[in-house]
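Trainee: I would like a close look at one part of this model, with enough of the surroundings to place it.

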Amino acid sequence: MKKFVVSVLGKDQPGIVASVANILYAHDCNIEDVTQTILQSEFAAILLVNCSESCVPGLAKELQQELDSLGLSVFIRPATAAAAIPSAPPEPLVVTTSGPDCSGQVARVAAVIRDFNANITELKAVSRKESGSSEFIMIFEIAFPLSADFIAFRNRLRDVCSGIGLRYSVQHRDIFEAINRV
Amino acid sequence: MFTEREVLSTIEMVKNEHLDVRTVTLGISLFDCVSDDLHRFEDKIYHRIISLAANLVDVCDGFGEKYGIPIVNKRIAISPIGVVGAPFSSEGMVSIAKTLDRAAKEVNIDFIGGFGCLVQKGMARGDIALIEAIPEALTVTERICASVNVATTRAGINMDAVAKMGRIIKEAAAMTADSDGLACAKLCVFANIPEDVPFMAGAYLGVGEPSSVINVGVSGPGVVKKAIDRALAGNAELSIGQISEVIKQTAYKVTRAGQLIGQKVADRLGVQFGIVDLSLAPTPNVGDSVGEIFQSIGLRNIGVPGSTAILAMLNDAVKKGGAFASSRVGGLSGAFIPVTEDLNIAEAASCGDLCLEKLEAMTAVCSVGLDMVAIPGDTPAETLSAIIADEMAIGMINKKTTATRLIPVPGKKAGEFARFGGLLGEAKIMPVRSPGASDVFIHRGGFIPAPLQSLIN
């Protein structure tokens, strides 16, 4: 038995998870972990499954056939080994930006995060075009290494964001937790 | 993963609604510094303060950055000087005040409270020396705050002390006449003073407190007002009970921020975490007003009929929300109504909607008292004492804290402007009805006995 990652992408509709899970069950695969999300009308799911290597080609073919007819793409590959636990746990921070929608925002902000060796653990971007305002809001939850310089990070974010006309904020995650959760 | 609403509302509170930690106050006990040698005492207290508080400002600023919630003021509260400095004369007390001022400047904090005493059952030698030193001490120093407790529910009211404080306030005003009586803005007279208030001018570290402790004062009248406005924008017909719920939930959030940051600062400094004081404390900045909350709820101005009822509701809702949010709540914990420190309240007083008598009524239901009230400079000392006595009686009978911070502005009359600068703000001088009509009562002196605590009608 080996661990594989299955990802599904395409038009959201009822029954996707049922189809995928049934096919996996039929091939004797065990779903270890799963996450799914819906972005506007697109569906995306990642499943970590345990199965024997020999059944993978047959599994992939059946999944492709079934999901193609629903307008979805599927992809299977061996799972990567679990990451080593860092010696000092990183600081969880929340970075938000908001401003007029324009191209390059996500790229630029993500580059700053990368430059400080921080990892984006959650990312949500919401366009407010539906409500009439053209504000584009991004919320990055990031793991910021303890060894990195928080003030320098904050200053660089400030410079990058002001260069593209964005308001920004960066704060430790605990404050959002404290204020919004009991 | 936080929802978009949770993240954005938190950020909005900080950026636009003036959510901040109003003060982190380091309480420092001076009881083990006592000496009957003035220089040795001053040396000990100076070094005690600067060694414990050396990193206070930097640590606070660091956490303010990291959590994105500014800690606006860093302050120190010490053991009452009337107690630890009991052997000294008034001249000695003034010298001690200067030493404390020097220490405050050295560690870069903006106020140090505790130049005070507790005299509800009588004035001891040290207490008298301190009280008589107050006018000069508050004139020659910048950062000292003084508080004198003259009444408790258990002991009654010391009317001798009340009479004395009326005179002391006049003297302090006269000595700082060129700054509109600024010394009086740093002097409070209390009934039932709590021992762990982080706010000035009443802060001091009481008996029974540890050697050092961090007490946090949160704030956020702007946050509360905006929350009410948002709720009303959703439904303009909200009942007062529903508004009370909004206030309670907002007070919860504000207090949680204070609790988190206070705990972190205390841990970093290696000091015990004391309490969170969840008072709504306004500043003269736009949008940071308690008075505006009254307008949002539906009064033309604070001070018109309905104000006492609304303040009672507001005070209670804040306490309920805050109490759930914090592991230990203390200090004053309610709503402040300081006239000069709140643009909107000052304006209400200015246009005549808020008068001294209505303020007094409101102090029966809020946590502070007659705070930052500028009155005519020619108000007699006896009338000041009588106003104080009334306020002490409200506190004594209702088993609550009340206080007065009255400023008789030398050379100015009702309707003229008094300006104190910075957080102390400015306002039009309020008229005092019937001055000079209480002299015989005040000259009588003595003690108003403690009230019965059963038969509570």
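Trainee: In which loop of chain A is the place of Asn117(A)?

Mentor: Asn117(A) sits in the loop that runs between helix H3 (105–115) and strand E6 of chain A. Keep in mind throughout that this is a predicted model. The backbone at Asn117(A) has a positive phi, about 65°, although the residue is not a glycine. Is Asn117(A) buried or exposed? A residue counts as exposed when 12 or fewer other C-beta atoms lie within 10 Å of its own. Asn117(A) has 12 such neighbours inside 10 Å, so it falls in the exposed class.

Now the chain around that loop. Chain A contains five helices and eight strands. Read from the N terminus, their order is β-α-β-β-α-β-β-α-β-β-α-β-α. The chain is divided into domain 1, covering 2–78, and domain 2, covering 91–180. Taken over C-alpha atoms, the centres of these two domains of chain A are 32 Å apart. The radius of gyration of chain A is 20 Å, whereas a compact globule of 182 residues would come out near 16 Å. Along the principal axes, the C-alpha atoms of chain A fill a box of roughly 55 × 45 × 35 Å. Of the 182 residues in this chain, 21% count as buried. Contacts in chain A with a separation of 6 or more are made, in 73% of cases, by residues 24 or more positions apart.

Strand E6, at one end of the loop, is also part of the contact with chain B. That contact takes 18 residues from chain A and 15 residues from chain B. On the side of chain A, the elements giving two or more residues are strand E5 (91–100), strand E6 (119–127), strand E7 (135–144), strand E8 (167–172) and helix H5 (173–180). H5(A) provides the largest share of that side, with six residues. Sorted by class, the side of chain A that touches chain B holds nine nonpolar, five polar and four charged residues.

How far can this region be trusted? Chain A has a mean pLDDT of 88, and 94% of its residues reach 70 or more. Within chain A, E6(A) has the lowest confidence of the elements, with a mean of 85, and strand E3 (residues 42–51) the highest, at 93. For chain B the mean pLDDT is 93, with 99% of residues at 70 or more. Among the elements of chain B, helix H1 (residues 4–15) is lowest, at a mean of 83, and helix H7 (residues 159–175) is highest, at 98. For the complex, the predictor gives an ipTM of 0.74 and a pTM of 0.87.

Chain B offers a useful counterpart to Asn117(A). Ser333(B) also has a positive phi, about 55°, without being a glycine. Its place is the loop between helix H11 (307–325) and helix H12 (343–350) of chain B. The cut-off for buried is 20 or more other C-beta atoms within 10 Å. Ser333(B) has 26 such neighbours and therefore counts as buried.

Helix H12 of chain B contains Ala349(B). Ala349(B) is buried because 28 other C-beta atoms lie within 10 Å. Leaving out residues up to four places away in sequence, Ala349(B) touches Val339(B), Leu354(B), Ala427(B), Lys428(B) and Met430(B). The C-alpha atoms of Ala349(B) and Val373(B) are separated by 9.8 Å, and the two residues are 24 residues apart along the chain.

One more backbone feature of chain B is worth checking by eye. Met200(B) and Ala201(B) are joined by a cis peptide bond, with omega at about 10°. Ala201(B) lies in the loop between strand E7 (187–191) and strand E8 (212–218) of chain B.

Last, the nonpolar cores. In soluble globular proteins, nonpolar side chains tend to be buried together. The largest nonpolar core here has 180 residues, of which Val150(B) and Ala257(B) touch the most other members. Helix H9 (residues 240–269) of chain B gives the largest share of this core, 11 residues. A separate core of 13 residues includes Val8(A), Leu24(A), Val49(A) and Cys51(A). The contacts of Val150(B), beyond residues up to four places away in sequence, include Val119(B), Ile157(B), Ala161(B), Met165(B) and Met392(B).

Methods
Residues numbered from 1 in each chain as written. Chains lettered and ligands numbered in written order. Predicted model: local features only at pLDDT ≥ 70, side-chain atom pairs only at ≥ 80, totals over all residues. Helix = DSSP H or I, 4+ residues; strand = E, 2+ residues; numbered from the N terminus. Rg over C-alpha atoms; globule rule 2.2 N^0.38 Å. Contact = placed C-beta atoms within 7 Å. Nonpolar A, V, L, I, M, F, W, Y, C, P; charged D, E, K, R; others polar. Domains from an automatic or database assignment. pLDDT = per-residue confidence, 0-100. Core = buried A, V, L, I, M, F, W, Y, C linked by C-beta atoms within 7 Å.
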